[in-house]
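Subject: Structure for your attention

Dear colleague,

Please find the structure below, handed over for your own inspection. A summary of what was found in it follows.

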Amino acid sequence: MPPQVKTRYVIIGAGIHGLSTAYNLARMLEAKGRRSSAEITVLDKGTVGSGASGIACGVVRNNYYQPAMRELMAHSVGVWESDPEAYAYHPVGYMQISPEVMREDVAAIFAQQQAIGYDSVFIEGERDCHRYMRGLFEDWQAKGITSVLHEKRGGYANNLASLGGLAAKAREAGVTIREGVTVTGFEFGRQSGAVAAVNTHAGRFDCDHVVIGAGPWVRDFWAMLGLPRAIRVKGRDGRMHDDVPMWRYWQLEEGVLEVEPGCLVTNDGGMPPVIHLDTDAPLYSQATGRLIAEGLWGVYYKPDFNFGGIQGGAMPYEVGLPAEEVAVDPYGPKSPQFVASADFADMWTSALAFCHKRFEGKHMRYRRESSGGIGCFTPDSFPVFDVFRENCTVIADSNHGYKMLGVGALVAGELLGEKSALLEPFRMSRYEEGRLHPVSHSPFPWS
Ligand SMILES: Cc1cc2nc3c(=O)[nH]c(=O)nc-3n(C[C@H](O)[C@H](O)[C@H](O)COP(=O)(O)OP(=O)(O)OC[C@H]3O[C@@H](n4cnc5c(N)ncnc54)[C@H](O)[C@@H]3O)c2cc1C
């Protein structure tokens, strides 16, 4: 007989969401006088950070066109700021640099940031934007830019170091983290559809509540819960669309330019904000001179001592397979299929030179190694935070999630009966009711 364990809360996934939920739940239970290592168990088939959280670029920002996303992110940025050392967080700020087609969207973001007291500066007009950017980087040369949103908060964190810090906090608070334990399915109650136990290769875990923070593996848990592969969505056109796939995969392309990270400081020698640039100006290859892009394109980058160079990425692309056919394992850089391509390297290094003269002719320094990974997206590309089968909370962040360090505290509060207004816009019912989040002009599916 495999061993049988009783634990009140089983949390699946030792990524950013599983760990932050576990840690906050433990703190909240302790505040109620209920500290016990038998209460909360985190299960992960790999190790802490072996999913998407452990390979994330680590960018933390507020810049979202959707008001509900922005409010949620402002809350999470506050959590990052609460313990920068443990979370390996660098509060350098963040810039959204945009072309004319995005100016109105970004102006709306700025106005709403003002309304919620999120510190940012907004510059408009080609000449003023250029002057502002030259004030930061004397070699700035990007074309086609008519607005700059400079968020003074946000920045980036070192992926595995922050997860290590979070795991240490969780253990300290009494959470049991079991690595190398693969969840294989659930057992449901006889009278109700609730989850009664979580089955694993290491035995069965009887529990009262389950939280799933499984990142790109959410598709598998969705199936284990018996939830539908396709759903009904009331579209922005007001019509009901049947049979919309619940999950889709996108490939995220990221890489590193192997130069001294300190070569990208600001004119006054400081660490620069994370840069995100979108433009519709033509982009030419540094390697061959060919035209790479003439429509809207975008990149992001930062000097990063953890990655050992300038690290960043470009627009993702949709994996053109039904979700059921996508091989998530082996995940990330270990995948034989889903890693950053040679085209990405050419595009991204050329974009760095498009922005800064200092990167002209540096494309040869691109680090030739496997990088990037896939993310699992919902029908509208925004998160689903909801309870299924009465006692199973699913945190499906639609790949927005490393920065959402605060979601765990909100989910933990809900487990203890405190409804969160910040999570409310992300319930599953929004699809059928047509309460979809607005869509921006950004070339990224999560802006
Ligand atoms: C290349 C890349 C760059 C990114 N950059 C950023 C960024 O800069 N900023 C940002 O905000 N977001 C970023 N993201 C998105 C972000 O990484 C994810 O949204 C977030 O990390 C998801 O966290 P999670 O805790 O839900 O899942 P994960 O971190 O993926 O954790 C899930 C865990 O579940 C475990 N698991 C899976 N199946 C089982 C099973 N059967 N049994 C037990 N355990 C199981 C896995 O081993 C894994 O450890 C990026 C994503 C990618 C791929």
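How many of the 9 residues of helix H8 (residues 407–415) are buried? In this predicted model, 7 of them are, and H8 is thus mostly covered. The buried positions are Val407, Gly408, Ala409, Leu410, Val411, Ala412 and Leu415. Their packing partners are H1 and H2 together with three strands, E14 (209–212), E26 (384–388) and E27 (392–396). Just after H8 comes Gly417, which has a positive phi of about 100°.

Domains and their contact

The chain falls into two domains, each assembled from separate segments of sequence. Domain 1 comprises 1–90 + 154–242 + 381–447, and domain 2 comprises 94–152 + 248–377. Taken over C-alpha atoms, their centres are 27 Å apart. In the contact between them, 30 residues come from domain 1 and 37 residues from domain 2. On the side of domain 1 that touches domain 2, helix H2 (67–82), strand E9 (155–157) and helix H6 (218–224) each contribute two or more residues. H2 gives the most to this side, with 4 residues. By class, this side of domain 1 holds 14 nonpolar, 12 polar and 4 charged residues.

The nonpolar core

The largest nonpolar core contains 130 residues, and Ile12, Leu19, Ala22 and Ile212 have the most contacts inside it. This core lies between domain 1 and domain 2, because both give residues to it. Ile212 shows how distant parts of the sequence meet: beyond its neighbours within four places in sequence, its contacts are Ile12, Gly13, Val218, Phe221, Cys392, Val394 and Ile395.

The surroundings of the ligand

The ligand is surrounded by 39 residues, of which Gly15, Gly51, Ser53, Gly215 and Gly401 are the closest. At least two residues of this shell are supplied by each of helix H1 (16–31), strand E3 (40–44) and strand E25 (373–377). H1 gives the most, with 3 residues. The shell is made up of 16 nonpolar, 18 polar and 5 charged residues. Since domain 1 and domain 2 both give residues to the shell, it too lies between them.

A strand hairpin

Strand E11 (residues 183–188) and strand E12 (residues 195–200) run antiparallel and are joined by 5 bridges. The two strands form a hairpin, with 6 residues between them. Within this pairing, Phe186 stands opposite Val198 in E12.

Ser350 and helix H7

Ser350 belongs to helix H7 (residues 342–355). It counts as buried because it has 23 C-beta neighbours inside 10 Å, the threshold for that class being 20 or more. Leaving aside neighbours within four places in sequence, Ser350 is in contact with Leu283, Tyr284, Ser285, Gln286, Ile292 and His363. Lys362 lies 12 residues from Ser350 in sequence, and their C-alpha atoms are 8.9 Å apart in space.

Backbone geometry to examine

Most residues other than glycine have a negative phi, and most peptide bonds are trans. Against that background, three sites deserve mention.

- Asp329 and Pro330 are joined by a cis peptide bond with omega of about -10°. Pro330 is placed in the loop between strand E24 (317–318) and H7.
- Asp243, although not a glycine, has a positive phi of about 65°. Asp243 is in strand E16 (residues 240–245), and counts as exposed because it has 10 C-beta neighbours inside 10 Å.
- Arg389, likewise a residue other than glycine, has a positive phi near 50°. Arg389 lies in the loop between E26 and E27, and its 17 C-beta neighbours inside 10 Å are why it counts as partly exposed.

In closing, I would draw your attention to what lies between the domains: both domain 1 and domain 2 give residues to the largest nonpolar core, and both also give residues to the shell around the ligand.

With kind regards

Methods. Residues numbered from 1 in each chain as written. Predicted model: local features only at pLDDT ≥ 70, side-chain atom pairs only at ≥ 80, totals over all residues. Domains from an automatic or database assignment. Contact = placed C-beta atoms within 7 Å. Nonpolar A, V, L, I, M, F, W, Y, C, P; charged D, E, K, R; others polar. Core = buried A, V, L, I, M, F, W, Y, C linked by C-beta atoms within 7 Å. Buried ≥ 20, exposed ≤ 12 C-beta atoms within 10 Å, placed from the backbone. Pairing = 2+ DSSP bridges. Near = placed C-beta within 6 Å.
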